Amino acid sequence: MTRILVVEDNPITRKVVLFALEKQGFTVVDTVTGAAAVRAFSEGGISLILVDLLLPDMDGFDLLARLRAMPGGAEVPILAFSGLLSTYDEARVSTLGFDDVVNKPVEPSRLVQIVRGHLPSPEPANAEVGRGRRIVIADDDAVQRKLVTIRLQRAGFTVIATADGEEALERIRADKPDAIVSDVLMPRLDGFGLCMAVRSDPEVAKIPIVLVTNSYLDEQDRSLAWRAGANDMVVRTPELREVVLVLEATLSQRAPARPRIAADPDVERERLARMMLQLERQVALNAGVTQRCALLSAELAILRGISEAVATQHDIEQALCQVLAACFDAGGVSLGALYLWDGAGLRTLRFDHVDSWRSEEVDGFFGDRELLLDAIRSQRLLSLPSDAVDEARGAAVMERARVRSLLVVPTTYKGESLGALLMVSATEGALGDDRVVFAQAVAGQISVALALARAFADKDSSERSARTQARVLRSILESMGEGVLVADEDDAITHWNPATEAIFRTPRPPSAKAWFADRAFGGDRATPVGQAQLPLARAMRGEPVDRMEMFLHRDDGGAWLSVNARPLLDEVGTIRGGVAVIRDITHEKATAAQLMVSDRMASLGTLAAGVAHEINNPLATLLGNLDLAIKDVGDLSRELTGVNLGELSEELRDAREAAERVRNIVRDLKLFSRADEEARGEVDVHRVLESSLRMAWNEVRHRAKLVQRFGGVPAVYANEARLGQVFLNLIVNAAQAIPEGRAEDNEIRVATSVTADQRVRVDISDTGSGIPPEVVTKLFTPFFTTKPVGVGTGLGLAICHKLIDAVGGQITVDTEVGKGTTFSVFLPVHHGKAAPHRHAPTIIPLARRRGRVLVVDDEVAISKTIRRALRSEHDVVAINDPHEALRVIVTGERFDVILCDLMMPTGTGMELHARLLEQAPDQAANMVFITGGAFTSSTRAFLDEVPNPRLEKPFNITNLRAMVNDRVGMT
């Protein structure tokens with residue numbers, strides 16, 4: 001049976017704690033003093049200790065030291081009860097060995113949760129489950145995060161705790177843990193989003209993930225968790241037994257591993273929908289928190305009511321002692337007194353919980369009554385020790401009171417002295433500024449209570465309070481960004497704040513129904529909403545409305561609104577009108593649409609990169625073998641004099657030219673799908689334009705002739721992929737401005753030049769229909785489009801403008817209706833150092849000697865092609881597995897050149913290079929990397945850092961031979 005030792009001298013707090021713990025089945029050992037606590041602990045069987053920091057015979061820090069020094073004291077969790085702590089005491093709590101803090105006033109549910117978190121599990125945790133394993137946990141609730149940490153550490157895990165999904169993702173990528181345990185509902189990045197991010201990252205995709213929740217309990221939630229990449233989702237329990245069981249099964253491979261998954265828009269949409277549902281539930285729960293705050297406010301009102309009731313009670317002393325005992329215990333003070341001054345003498349009320357002082361000691365202010373009377377008459381705060389009081393005099397008072405600090409706060413009302421409040425502490429310096437503020441606040445409450453006891457007229461103060469509340473309410477309504485509209489039961493609009501006026505663009509109307517009847521609202525842009533279904537009308541019928549979205553038709557096009565509405569009830573619950581809170585969400589909807597488009601574009605870019613990479617491998621084989629075949633046919637025709645090979649050579653060259661066109665298309669795909677979208681540097685404008693024209697050719701060729709007038713222009717400072725996106729958009733727009741079927745009568749001109757201010761100018765002109773003047777001013781506005789629904793999003797030109805502006809450039813338009821349009825892009829010249837070119841030499845040097853070449857590529861066809869190209873001059877060894885290649889080299893074989901694919905299913909060229917640097921650095925220097933180009937950011941960084949050359953797929957056989965002969969000649 002679990003026995004908990006409670007050391008608390010305040011009877012109210014002690015009663016709450018005992019009730020909360022005993023209700024949960026714990027056995028409670030109840031003590032009041034530190035000495036009694038030491039005796040109780042020495043008898044044994046204590047599982048956890050709760051200690052008040054301020055006790056009659058010693059402070060909690062001294063008791064902590066004594067308990068820790070006793071046999072078994074170092075292993076027992078000791079928690080501190082605390083009200084208002086000084087900065088000094090806060091530091092001591094965190095450094096002297098308390099396991100946790102329970103704040104006063106004590107909340108029973110929170111107390112039980114903290115206590116359970118520090119108690120040993122009923123069943124001993126299997127420490128072998130997590131031995132030698134690291135686990136990352138993500139939870140935004142500090143208490144839950146600490147409890148999960150404790151439970152998993154008992155299971156043997158090394159725990160890395162993080163406060164949300166984004167922080168967890170950073171630690172996961174940095175530390176590569178053995179498993180991940182995450183809450184679901186978190187800010188910034190929730191648990192589902194964390195799963196999706198981990199599963200989409202190849203470096204950490206296979207790490208097991210367990211989601212823990214007490215909110216997501218539906219079967220749809222479990223299905224979503226599995227689709228997002230979680231190994232399991234379990235309900236949070238105090239012991240986390242289910243989490244440990246799932247981790248044990250997953251880490252021991254009894255549960256199926258989750259593979260890396262691709263981004264799924266359906267999962268993302270369902271995730272957002274489920275998250276919105278949970279947020280709605282949380283709002284409902286927060287409504288309970290709001291109610292609790294209202295109850296606390298009511299408790300404060302009751303405290304004031306007690307003060308008011310003091311005037312009508314005969315036992316005034318008892319009422320004040322009860323109130324002061326509760327207030328001061330919450331403030332961390334257990335000893336004190338209230339002196340009541342009637343102008344002629346003093347009456348004393350004590351509020352200590354044990355017999356610490358004799359009555360004559362308190363009444364006489366510990367031998368110096370005159371010091372107390374001086375503070376009351378002068379209405380000045382008295383603090384000991386203090387420079388304002390003679391040191392010997394103050395020391396004598398504190399010695400007789402048997403304390404180290406003393407504070408006297410006068411109680412006054414409208415300049416009249418009513419007495420003084422006494423607070424003492426056994427710790428020197430404990431009554432600092434925070435306690436002074438607290439004491440002054442309590443003294444103020446006492447002053448009001450005492451004043452009410454003497455005079456029953458509080459009309460003036462009540463009226464002042466009402467006027468203040470009205471001013472506060474008016475200020476809140478006027479400063480709110482949301483519109484607030486209130487109508488009474490007679491349909492008159494009584495409140496209409498400035499935000500409402502800005503949304504509807506009209507001053508407050510007298511009547512709600514008549515005003516709404518003149519407005520057009522829709523559930524979307526086309527479907528009208530009847531007046532009876534409007535949120536305010538529904539609220540006035542008694543129906544609550546939450547986040548109803550409507551479209552308000554206005555002269556400027558309209559706005560999307562989100563409306564909450566509630567009935568306006570009187571004190572007996574009768575409906576007296578309605579309240580509506582209105583928020584303009586037009587910008588949010590536009591942003592959401594833009595994000596959806598951006599997500600689709602990112603998906604297309606990823607797809608294009610993958611297609612380009614997959615084409616490159618067979619294309620490299622095709623081009624290489626065509627080159628070899630052309631050479632072999634040429635050699636054969638020279639050797640076999642008189643043999644007619646027909647058109648074989650020409651057919652091979654035609655095939656070679658067609659393959660080269662495919663190569664250019666793949667290169668263009670790579671340009672428009674590069675991952676380093678924000679990297680800027682030296683860019684060849686003509687190369688980007690040519691790629692963009694090839695990509696848009698299918699749109700152009702049926703509508704217009706293409707005219708290119710490229711001048712001699714320098715390189716520009718930009719991002720190649722982003723610039724290609726801009727040019728492609730402008731070229732497609734130019735083509736779509738011309739109707740199909742009249743290509744001979746129209747043209748699209750693309751020209752480059754250098755301006756007088758040394759900027760590169762790119763003009764894209766068309767002979768299309770032109771743009772009306774009223775449209776030109778809105779061209780670069782997001783979501784504005786003249787194209788039919790489903791054809792344009794209204795984002796293209798806005799994005800072009802943003803991208804060009806980001807690199808310090810400019811985009812302008814010159815247009816005339818019926819004659820055409822010219823978009824001009826002005827770009828800054830690149831003034832940095834020219835990027836080094838890594839192109840292989842085109843002149844093949846003669847092989848000075850026969851070298852040894854190792855080809856490491858998982859594509860067998862590519863290995864065969866390379867062997868055919870090089871075998872006449874060198875000895876070529878082909879290996880399809882990088883691990884086998886490492887074994888061959890480590891066992892002693894040496895190669896003059898190692899042609900290694902960068903990305904392979906069983907390993908990467910980067911990993912092979914790293915292992916060779918450790919075990920055969922001379923061979924690492926001989927590596928030449930072969931790449932298909934679909935780089936991650938890590939591979940780009942690697943190739944930029946290492947000095948080794950690289951060969952782009954599909955490679956040219958001539959360049960391949962030149963590079964290998966050159967490298968062999970160097971060794």
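Entry 1, terms and overview. Before looking at helix packing I note that axes are lines fitted to C-alpha atoms, for helices over the stretch in contact, and that angles run from 0 to 180 degrees between N-to-C directions. The model I am reading is predicted. I counted 32 helices and 35 strands in the chain. Of its 971 residues, 45% are buried. I also looked up contacts between residues at least 6 apart in sequence, and 64% of these join residues at least 24 apart. For the surface I have about 49,100 Å² exposed by the chain, with carbon and sulfur atoms supplying 53% of that area.

Entry 2, a parallel sheet and the helix across it. I went to the open sheet of 5 strands, which has the order 7-6-8-9-10 and parallel pairing. Strand 7 (158-162) and strand 10 (232-235) are the edge strands, each pairing on one side only. From one strand to the next the twist averages 20°. I then followed one edge in detail. Strand 9 (residues 209-213) and strand 10 run parallel and are joined by 4 bridges. I asked which residue in strand 10 is the bridge partner of V210. The partner is D232. Helix 10 (residues 241-251) lies across strand 6 (134-138), strand 8 (179-183), strand 9 and strand 10. I noted an angle of about 160° between helix 10 and strand 10.

Entry 3, a covered helix. I checked helix 8 (residues 191-199) for burial and found it mostly covered, with 9 of its 9 residues buried. The list of buried residues in helix 8 includes the glycines G191 and G193. R199 is also on that list, as are F192, L194 and M196.

Entry 4, aromatic pairs. My search of the whole structure gave 7 aromatic pairs. I took F61 and F98 as one of them: the ring centres are 6.1 Å apart and the planes stand at 75°, so I logged the pair as edge-to-face. The cut-off behind that label is over 60 degrees between planes. Where do F61 and F98 lie? F61 is in helix 3 (residues 60-69), and F98 is in the loop between helix 4 (87-95) and strand 5 (100-103), so the pair ties together parts that are 37 residues apart in sequence. F61 has 6% relative accessibility and counts as buried. F98 is buried too, with a relative accessible area of 10%.

A second aromatic pair, F504 with F521, is also listed as edge-to-face, at 6.4 Å centre to centre with 80° between the planes. F504 belongs to helix 18 (residues 498-504) and F521 to strand 18 (residues 521-522), so this pair ties together parts 17 residues apart in sequence. I found both F504 and F521 buried. Elsewhere, ring pairs link Y339, F365 and F366 into a cluster.

Entry 5, the largest nonpolar core. I counted 38 residues in the largest nonpolar core, and those with the most contacts inside it are L723, F727 and L827. Elements giving two or more residues to this core include helix 23 (685-700), helix 24 (720-736), helix 26 (796-806) and strand 28 (820-828). Strand 24 (716-718), strand 25 (747-754) and strand 26 (759-766) are also among them. The largest share, 8 residues, comes from helix 24. I then looked up what L723 touches, leaving aside neighbours within four places in sequence. The contacts of L723 are V683, V688, V716, A718, I804 and L827.

Entry 6, two single residues. I looked at P108 and placed it in helix 5 (residues 108-118). Is P108 buried or partly exposed? P108 is partly exposed, because its relative accessible area is 39%, and the partly exposed range runs from 20% to 50%. Not counting residues up to four places away in sequence, P108 touches V16 and A20. P108 and V17 are 91 residues apart in sequence, yet their C-alpha atoms are 7.0 Å apart in space.

The other residue I checked was T908, in strand 33 (residues 907-908). T908 counts as buried because its relative accessibility is 12%, and the cut-off is under 20%. Leaving aside neighbours within four places in sequence, T908 is in contact with L902 and M903.

Technical notes:
Residues are numbered from 1 along each chain as its sequence is written. This is a predicted model: local features need pLDDT of at least 70, side-chain atom pairs count only at pLDDT 80 or more; totals for chains, interfaces and linings use all residues. Side-chain values use heavy atoms; hydrogens and water are left out. Rings of Phe, Tyr and Trp (its six-membered ring) pair if their centres lie within 6.5 Å; planes under 30 degrees apart count as stacked, over 60 as edge-to-face and the rest as tilted. Buried means under 20% relative accessible area, exposed over 50%, partly exposed in between (1.4 Å probe, protein chains only). Two strands pair if DSSP finds at least two bridges between them. Contact means heavy atoms within 4.5 Å. A nonpolar core is a set of buried Ala, Val, Leu, Ile, Met, Phe, Trp, Tyr and Cys residues joined through side-chain atoms within 4.5 Å. Accessible areas come from the Shrake-Rupley method with a 1.4 Å probe; for residues, only the protein chains shown count as cover.
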